[in-house]
Amino acid sequence: MTTAVARPEVFTRKASGLVRVMSPYSAFIYNILTMGLIFPWTYLWGPGALPGGNLFWGIILAMLFELPIAFTYVWLSTAMPRSGGDYVFQSRVFGGFWGFTILMSGFVIWILQWVALSGWLLSYLGFAPLFLGLGATLSNPTLSQIGVWFTTPWGIVIVSILNALASMLLLISGFKNYVRFQYVMFYGILVAFATMLVVLFTTPTSEFVERLNAFAVASGGSPNFYQTAKEATLAAGIDLNPPFSFFNTLMIAAIAWTSLQWATYSAEQNGEIKDARSFKSQVFILVGSLIMTGILLAILGVALERVGGKEFLYIAGAGYWSGVEEAKISGFWLWPNILAVALTGSPIVVILIGIGYILNSFQIVNNCYIGVTRIMVAMSLDRLLPAWFSEVHERFHTPVNAHVAYFLASIPVILLYNLYGGWASLTLGVTFACGYVFASSALAGALFPFRAKEIYEASPGAKYKLGNIPWVTILGTLGAIFGFGMVLSYLLVPALGLTSPLAYSVVFGIILFAALWYLIVKRAQKARGIDVDYAFKEIPPD
């Protein structure tokens with residue numbers, strides 16, 4: 001006679017309560033918006049910190065480095081199509097300690113910085129250029145002054161909190177409402193991006209300096225802005241014609257990865273994507289969005305260099321990286337959208353670009369909430385967070401409690417980001433922390449066929465092998481090498497480094513906090529007779 005051994009029930013309930021309302025096309029759009037066509041750092045940070053690096057090839061390299069990571073996520077997502085993506089992948093392959101610690105520290109806590117940053121983007125790159133551009137094109141100083149207000153610390157704080165609140169209310173009303181509004185955001189952003197490219201590609205290079213100077217005057221700046229900025233940049237000891245550097249091009253790739261690493265972020269809501277178990281759909285969602293965004297960002301780099309020349313890129317970079325005040329207009333760094341606004345005399349063009357940047361900034365805070373709250377739901381189902389976090393509203397099918405908690409947690413971070421001088425320097429910590437999450441998931445993919453064999457063999461991707469070696473192992477290994485290489489560059493390369501005592505204490509303090517949380521909660525659950533390790537042997541409830 002044999003005795004059947006029943007596996008203990010560990011999950012807090014048998015269904016997540018979330019519903020699949022996002023189509024593959026919507027998820028494809030979501031990833032493009034999350035990667036952020038508006039993210040401007042590469043175009044000023046690269047030339048400013050890494051002279052001789054090539055913008056176009058740096059962005060293309062970042063896209064190529066991200067490709068094996070994106071493909072690895074296809075295998076993981078089709079095998080475990082549940083919300084909480086990265087947390088589910090890593091906890092089922094590495095075990096609960098590593099899965100929880102990496103995701104709690106790298107995403108749940110650090111993405112609060114992205115909530116603050118999205119408000120900064122909305123105020124500084126959305127509303128400020130809109131009003132500054134309208135003030136210049138309509139010769140209205142009042143509008144220009146309003147634009148400047150949006151760059152003040154309290155202006156950004158007010159916009160940031162309202163931005164986070166509006167996002168929370170939209171998402172609480174139902175994920176399907178976000179999906180509908182996402183189409184408005186996507187097409188509005190495409191129009192803005194296309195408008196910006198048209199301006200940059202059609203402006204005669206012979207008129208570039210004249211138009212830029214005219215905009216500077218209309219914005220309250222110097223009538224000889226370009227020449228003054230050039231002289232100040234040279235006086236700061238900056239070479240405006242440095243030789244090509246392959247190493248610095250690689251480091252520009254690390255900066256571009258700030259955007260392109262988010263190609264896989266839709267995995268966090270796999271439980272709400274239709275056909276999430278389809279290999280073809282996930283390739284379209286994850287790999288397709290990466291390629292489209294990478295190409296568009298590279299084209300923008302070409303457009304900037306065409307209209308202003310390399311010399312201008314180094315002048316603009318000096319204003320951003322080296323703090324050359326003369327290379328700013330009314331305190332503004334010369335971001336791509338500011339440049340496009342400066343080169344056009346049309347208020348309609350200014351409005352189109354401004355609306356696109358406003359919409360993409362708003363979408364960013366939405367994706368912060370969406371991804372993190374789904375991870376919190378998955379952690380709660382595994383009994384590592386209180387059950388309160390995973391409660392899903394019966395009518396709206398959304399984790400209301402998790403949204404409210406994350407909004408409240410974001411407020412002190414918004415205040416720190418804008419009112420405490422040293423905190424903004426930790427912006428790089430987001431790329432570092434989120435980067436080690438993505439690289440760790442690539443490593444989880446490499447080990448997936450061996451560490452979670454039953455789940456792997458039941459997945460659609462199990463049939464894809466090179467000889468006897470699973471393709472997910474090959475791609476995951478490459479992705480982990482590229483991903484951790486870019487993550488380490490932020491710790492080792494001065495132009496990217498998180499080198500301050502504050503940065504080290506915050507980054508590693510957060511990791512320690514997450515690890516201790518897991519150990520304490522696991523022990524507390526065991527005292528109640530619940531072994532949470534059993535949860536990591538199964539896919540969470542749908």
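**A colleague's note on the predicted model**

1. Asp275 is a good place to begin: with a relative accessible area of 51%, this residue counts as exposed, because the cut-off for that word is over 50%. Please keep in mind that this is a predicted model. Asp275 sits in the loop that joins α12 (246-260) to α13. Its phi is near 60 degrees, a positive value in a residue other than glycine.

2. The loop between α12 and α13 is also the place of Ser266. Is Ser266 buried or exposed? Ser266 is buried, and its relative accessible area is 0%. Leaving aside residues up to four places away in sequence, Ser266 touches Ala27, Tyr30, Asn31, Ile273, Ile285 and Leu286.

3. Now for the helix before that loop. α12 has 15 residues and reaches 20 Å from its first C-alpha to its last, close to the 21 Å expected at 1.5 Å a residue. Twelve of those 15 residues are buried, so α12 is largely enclosed by the rest of the structure. Among the buried ones are Asn248, Thr249, Met251, Trp257, Thr258, Ser259 and Leu260.

4. The helix after the loop is worth a careful look on your screen. α13 has 43 residues, yet its end C-alpha atoms are only 43 Å apart, whereas a straight helix would reach 63 Å at 1.5 Å a residue. Where does α13 bend? The bend is at Gly309, and it amounts to about 105 degrees. Just after α13 comes Gly323, with a positive phi of about 70 degrees.

5. Next, the nonpolar core. The largest one has 196 residues, and those with the most contacts inside it are Tyr87, Phe107, Ile111, Trp114, Trp120, Tyr178 and Trp335. The largest share of this core comes from helix α13 (residues 279-321), which gives 19 residues. To see one of the well-connected residues in its setting, try Phe107. Not counting residues up to four places away in sequence, Phe107 touches Asp86, Ile102, Trp262, Tyr265, Glu268, Val372, Ile375, Tyr406, Cys434, Val437 and Phe438.

6. Empty space comes next. Rolling a probe the size of a water molecule over the atoms shows where such space is left. Searching the whole structure turns up five cavities of 30 Å³ or more. The second largest cavity has a volume of about 60 Å³. Which residues line the second largest cavity? They are Thr34, Phe39, Ile111, Trp114, Trp262, Tyr265, Ile364, Asn367 and Cys368. Two elements, α6 (111-137) and α15 (347-381), give two or more residues to this lining. The largest share, three residues, comes from α15. Ile111 and Trp114 may look familiar, as both are named among the core residues with the most contacts, and here they line the cavity. Likewise, Trp262 and Tyr265 line the cavity and are also touched by Phe107.

7. There is also a pocket to inspect. The second largest pocket holds about 270 Å³ of space. It is lined by 14 residues, of which Arg92, Arg451, Ala452, Phe536 and Lys537 are the closest to its centre. The elements giving two or more residues to the lining of this pocket are α4 (85-93) and α18 (453-457).

8. Two loops meet at Gly174 and His397. Gly174 lies in the loop between α8 (153-172) and α9 (175-202), while His397 is found in the loop between α15 and α16 (400-419). The two residues are 223 residues apart along the chain, and 6.3 Å separates their C-alpha atoms. Gly174 touches Phe396 and Thr398, not counting residues up to four places away in sequence. Gly174 is buried, with a relative accessible area of 2%, whereas His397 is partly exposed, at 29%. The phi of His397 is near 55 degrees, a positive value in a residue other than glycine.

9. Finally, a word on α20. The 27 residues of helix α20 (residues 501-527) should span 39 Å at 1.5 Å a residue, and its end C-alpha atoms are 38 Å apart, so the two values agree. The buried residues of α20 are Ala503, Val506, Val507, Ile510, Ala514, Ala515, Tyr518, Val521 and Gln525. Just after α20, Gly529 takes a positive phi of about 90 degrees.

Note on methods
Residues are numbered from 1 along each chain as its sequence is written. This is a predicted model: local features need pLDDT of at least 70, side-chain atom pairs count only at pLDDT 80 or more; totals for chains, interfaces and linings use all residues. Side-chain values use heavy atoms; hydrogens and water are left out. A nonpolar core is a set of buried Ala, Val, Leu, Ile, Met, Phe, Trp, Tyr and Cys residues joined through side-chain atoms within 4.5 Å. Buried means under 20% relative accessible area, exposed over 50%, partly exposed in between (1.4 Å probe, protein chains only). Helices (H or I, at least four residues) and strands (E, at least two) are DSSP runs, numbered from the N terminus. Contact means heavy atoms within 4.5 Å. The expected span of a helix is 1.5 Å times one less than its number of residues. The bend at a residue is the angle between axes fitted to the seven residues ending there and the seven starting there. On a 1 Å grid over the protein atoms alone, a cavity is a set of points where a 1.4 Å probe fits but cannot get out, and a pocket is an open set with protein on both sides within 12 Å along at least five of seven lines; lining residues have an atom within 4 Å of a point. Grid points are joined across faces, edges and corners, and a volume is the space filled by probe spheres set on the points.
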